[in-house]
Amino acid sequence: MPNPPETRTADRRPDFMSGRRLDLIVTAVMLADTLAAGLIKDVRDGMPPWGWLPLMLGPLVFPLWRRHPRLVLVVSVGSVLASGPLGVGPLAVVPALVAIAVAMYTGYRALSVSTVFALSAVTALGNLHNAGWELDGQVVERTLLVVGWLHVALISGLSRRQRDAYMAEAEHVREEAVKRKAADERVRIARELHDSLTHSISVIRVQAGVELHLARKRGDDPPPALVAVEEAAKDATRELRETLTMLRDDDGHRLARVADLADRYRGLGFTIDVECDIDHAAPMGAEADHAAYRIVQEALTNAVRHSSGDAVRVRIRRDEDAITVEVADNGTAACVAPGRGITGMRERVDALGGTLHVGPGEYGFTVRASLPDAATEATEPAATKSAAAPAARADTATAAPGHRPELEESR
């Protein structure tokens, strides 16, 4: 069995050949064309009953061109050869011309070219035989007419294929240009943020740190407000640095960095157990990957700041079509008051059409998110994601015993 020809996907089908309805219309037109040629022959010289079969066979198989273009070509050309001795005229050749163009377009170059050359040779020999093997102007004219139309069909299919390939390449180049422009814009935004915010926040942090140092040196208790300012400046500096890294690097934060993220919090007196059961070498949707990292980061921040416990468990796994993130601490609290942190997590989950649960779990206070992975669910309908968003909102709206009342400000 010969190797399949080069790409013959639906992406390369021309617009005028899209849809079964149009296939049937073209079939009807070609059938009317060949029947008209047969009627003219029948009225003029008489038509044998068997002659109608080859005239109808070529057009009738045309709707199969999408799945069996070679079969359509062979049958159409065979019907033309069978009806050739009837002398029905050039109209009967139209189905074969269309079949040659379609086969050439779908990638069967060798078959199409060899068919054209074979028909050209048969036509030339047939005209010479009818002329008593004497080459004259009429023989040359009839031969060149048929050969010319055969090559027109061949070139038409090839030109349309090349045009579609050129359009696909142009679209790819345009998408790459858009990505480069977006990357340049991210770098510009990162530079502006660095120039406008980093310096100011660093000055605030240094001044607050100096004042705290002087207060402790004098033996005074530091003002709580000043301590809060220093801590907020530290957090803002770290978050801004991570944001700038994400803007400069299109890869952003990834689940491969969860271990480093956990190490950052272990020095604050918490035991953090991380299990990330994900093969980072496998394809993974960038949006789901980044959202999962941010959810882990926010859940760890909330646990460290507001949990009454001393241990956090992080579990990350990848199912067939989703990434599941679970962050649970062993603390208890009086209520769960959704703040900016939980709202941000819910927005990330809703944007991907996933689900989010915040509340008590088997281990303790738990944040569990399920994020559809675009790399493995590209064939799923968009309606599935849109239907999942309301479920996520309903899940996160459930109030349950959780952390202390002051969670409202940070979460």
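**Helix packing and local contacts: close-up views**

**View 1. Helices α8 and α9 are roughly parallel to each other.** The structure shown is a predicted model. The axes of helix α8 (residues 258-266) and helix α9 (residues 286-306) come within 11 Å, and they cross at roughly 15 degrees. Because angles under 35 degrees count as roughly parallel, this crossing angle places α8 and α9 in that class. The crossing in which α8 passes α9 is right-handed. On the α8 side, the contact is formed by V258, L261, R264 and Y265; on the α9 side, the participants are Y293, V296, Q297, L300, T301 and V304. Sorted by class, the contact of α8 with α9 comprises 7 nonpolar, 2 polar and 1 charged residues.

**View 2. Helices α9 and α10 are roughly antiparallel to each other.** Helix α10 spans residues 340-352, and its axis and that of α9 come within 10 Å. The two axes cross at roughly 165 degrees; since angles over 145 degrees count as roughly antiparallel, the pair is assigned to that class. In passing α10, α9 makes a left-handed crossing. Helix α9 contributes E287, A288, H290, A291, R294, I295, E298 and N302 to the contact, and α10 contributes G341, M345, R348, V349 and L352. The contact of α9 with α10 contains 6 nonpolar, 3 polar and 4 charged residues.

**View 3. Helices α4 and α5 are roughly antiparallel to each other.** The axes of α4 and helix α5 (residues 109-130) lie 7 Å apart, and the helices pack at an angle of about 150 degrees. This angle falls in the range over 145 degrees, and α4 and α5 are therefore described as roughly antiparallel. Helix α4 passes α5 in a left-handed crossing. Residues I100, A103 and M104 of α4 meet R109, S112, V116 and L119 of α5. The contact of α4 with α5 divides into 5 nonpolar, 1 polar and 1 charged residues.

**View 4. Helix α2 (residues 52-60) has buried residues on the same side of the helix.** The buried positions in α2 are P54, L55, G58 and P59. These residues lie on the same side of α2 because they cover an arc of only 130 degrees around its axis. Among the elements that cover the buried residues of α2 are α1 (20-44), α3 (69-83) and α4 (94-105). Helix α4 thus appears in this view as part of the cover of α2, as well as in View 3 as the partner of α5.

**View 5. Residue D277 of strand β1 is exposed.** Strand β1 covers residues 271-277. The relative accessibility of D277 is 61%; D277 counts as exposed because this value is over the 50% cut-off. Apart from neighbours within four places in sequence, D277 contacts I316, R317 and R318. The C-alpha atoms of D277 and I316 are separated by 5.9 Å, although these residues are 39 residues apart along the chain.

**View 6. The whole chain, shown as context for the close-ups, has 12 helices and 5 strands.** Of its 411 residues, 38% count as buried. Where contacts join residues at least 6 apart in sequence, 73% of them join residues at least 24 apart.

Terms used
Residues numbered from 1 in each chain as written. Predicted model: local features only at pLDDT ≥ 70, side-chain atom pairs only at ≥ 80, totals over all residues. Heavy atoms only, no water. Buried < 20%, exposed > 50% of the residue type's maximum accessible area, 1.4 Å probe, protein only. Helix = DSSP H or I, 4+ residues; strand = E, 2+ residues; numbered from the N terminus. Arc of directions from axis to C-beta. Contact = heavy atoms within 4.5 Å. Axes fitted to C-alpha atoms, helices over the stretch in contact; angles between N-to-C directions. Parallel < 35°, antiparallel > 145°, perpendicular 65-115°, else oblique. Left-handed = near helix turned anticlockwise from the far one by under 90°. Nonpolar A, V, L, I, M, F, W, Y, C, P; charged D, E, K, R; others polar.
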